[in-house]
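Me: Please take a close look at one part of this protein, a place where two helices pack, and then say what surrounds that part in the chain. Keep it plain.

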Amino acid sequence: MQMRIFDSIQKRKVVFEPIKEGEVSIYVCGPTVYDDAHLGHARSALSFDMLNRTLKALGYKVTMAKNFTDIDDKIINKMHNSNKSLKEITDYYIDRYLSEMEALGVKRADIEPKATESIDAIEQMINSLIKKGCAYRVDNGDIYFDTSKDNRYGTLSHMVNNEDDMQSRICQSDQKRDPKDFALWKACSEPEICFDTTLGKGRPGWHIECSAMIEKHFDNKGEYRIDIHGGGADLLFPHHENEASQTRCATGCEIAKYWMHNGFVQIDGEKMSKSLGNSFFLKDALGVYGGELLRFYLISVHYRNDFNFNEEDLLSTKKRLDKLYRLKKRVYGIKSGTLDSEFKDTLLEAMSDDLNSSKALSVIDTMVSVANDRLDKEPKNRQFKQAIVANIEYIDTLMGFGGSDPFEWFQQGISDEQKSKINKLIAQRGEAKKAKDFKKADEIREELLGMGVQLMDTNEGTKWERVDR
Ligand SMILES: [Zn+2]
């Protein structure tokens, strides 16, 4: 089965052909760690997590890197305003980011470089850019990249000519030779945020870190450094354009063979932004909906399309996931058997088609309804039940959901205190049944039902789930 991806340079879907047979190197731009992650971070992480899982399912050995930008104006501002050290701030947000990603089921990257730990590689790359005449120093000690030295500047984003004022807004300086030029190194003297290097005392600009990290951690020495470079669509210009240009000028090689970009997240039809006050922090969404449902909801729309977050949609999407868990309940306690190869191929085919997750979810819906129908007709078909268990395990591996205990799934939203009360009543009912006091056992069942708890006696003992009263 071939992997097809939408490449941002060619602006079309292409068959993925790795640099080294059987291996894939991926670099995804990670967060700047000065604040909690929002839904946009979640969407980007999920998009490339699906890429990682799909390529692995196709048999590739995947090496994935995702960086942390841990030195930046926003972090420094926070440091000055909070009396905390740079490291206190960045360590805190890196930990939060990683635990929130874990809750979403996003696999950790194999390489997680930090800018402050990559100064050697950054220094080396800037020095080679200076040597090649592609960078220049201005009076205050800052070093700029000279975009005029790269005749392919703009070929990635296709937008340089009409958008060059964008970049001048981002890196304003009167000393730049061209508005498109951008800072590689910012001279400074404050000890905590400055590094003493052959470039002088200073700190790196944002764009250079990704190029330098790729140079440091990936050893392809041919035409391309890595197979796939990814990130949110907002990074295409100027960030990715600048990364591509720096690597091209410093090494003579292209940074990546393919580029992939995920779409934006909107909240109820509006762009999510701090100024609009509708930034949706991931921690808040996780607290309300839980990681698995949030993941399911966020991947229900193709990664390249913009995503419109809307609670009503989320709750109706939950019903689809509930159906999978109801099926899982019907095969509870059954050992896994042979995976249905037709189901596996159809699901993987959907994901291999530029991560068509919305199609993949409909393949899963069909599997669930066909399985339910057949279970109605053949309730004792053990082999079939084992195949269903295997199918659900495969869904968990490839898509990252469906792996929870089906009974616990339907117990969400019930506090630990309530749970212990419920378990106590279930134990009392068990005692009553043992003593053949069926009247009391029934009364307890009714009492629990009144609390919104339905009991099911299974081979594995009495289970319960939450029901709507
Ligand atoms: Zn980057």
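Reply: What follows starts with one helix pair, moves to a single residue and another helix, and ends with the whole chain.

This is a predicted model, in which local features need pLDDT of at least 70 and side-chain atom pairs count only at pLDDT 80 or more, while totals for chains, interfaces and linings use all residues. Residues are numbered from 1 along each chain as its sequence is written.

The pair is α6 (residues 206-217) and α7 (residues 236-251). Helices here are DSSP runs of H or I of at least four residues, strands are runs of E of at least two, and both are numbered from the N terminus. The axes of α6 and α7 lie 9 Å apart, at an angle of about 50°. Each axis is a line fitted to C-alpha atoms, for helices over the stretch in contact, and angles run from 0 to 180 degrees between N-to-C directions. The two helices are therefore oblique to each other: under 35 degrees counts as roughly parallel, over 145 as roughly antiparallel, 65 to 115 as roughly perpendicular, and the rest as oblique. The crossing of α6 past α7 is right-handed, meaning that the near helix is turned clockwise from the far one by less than a right angle.

On the α6 side the contact uses H207, I208, C210 and S211, and on the α7 side H239, N242, E243, Q246 and T247. Contact means C-beta atoms, placed from the backbone, within 7 Å. By class, two of these residues are nonpolar, six polar and one charged. Nonpolar covers Ala, Val, Leu, Ile, Met, Phe, Trp, Tyr, Cys and Pro; charged covers Asp, Glu, Lys and Arg; the others, Gly among them, are polar.

Strand β10 (residues 224-232) contains G231. G231 counts as buried because it has 24 C-beta neighbours inside 10 Å; the cut-off is 20 or more, with 12 or fewer exposed and partly exposed in between. Leaving out residues up to four places away in sequence, G231 touches V28, C29, S44, H240 and H261. The C-alpha atoms of G231 and V28 are 5.5 Å apart, although 203 residues separate the two along the chain.

Helix α9 (residues 291-298) has eight of its eight residues buried. Its cover includes α1 (39-57), α3 (86-103), α8 (282-289), β14 (307-309) and α10 (311-330).

Over the whole protein there are 16 helices and 16 strands, and 39% of the 469 residues count as buried.

Methods
Two residues are in contact if their C-beta atoms, placed from the backbone, lie within 7 Å.
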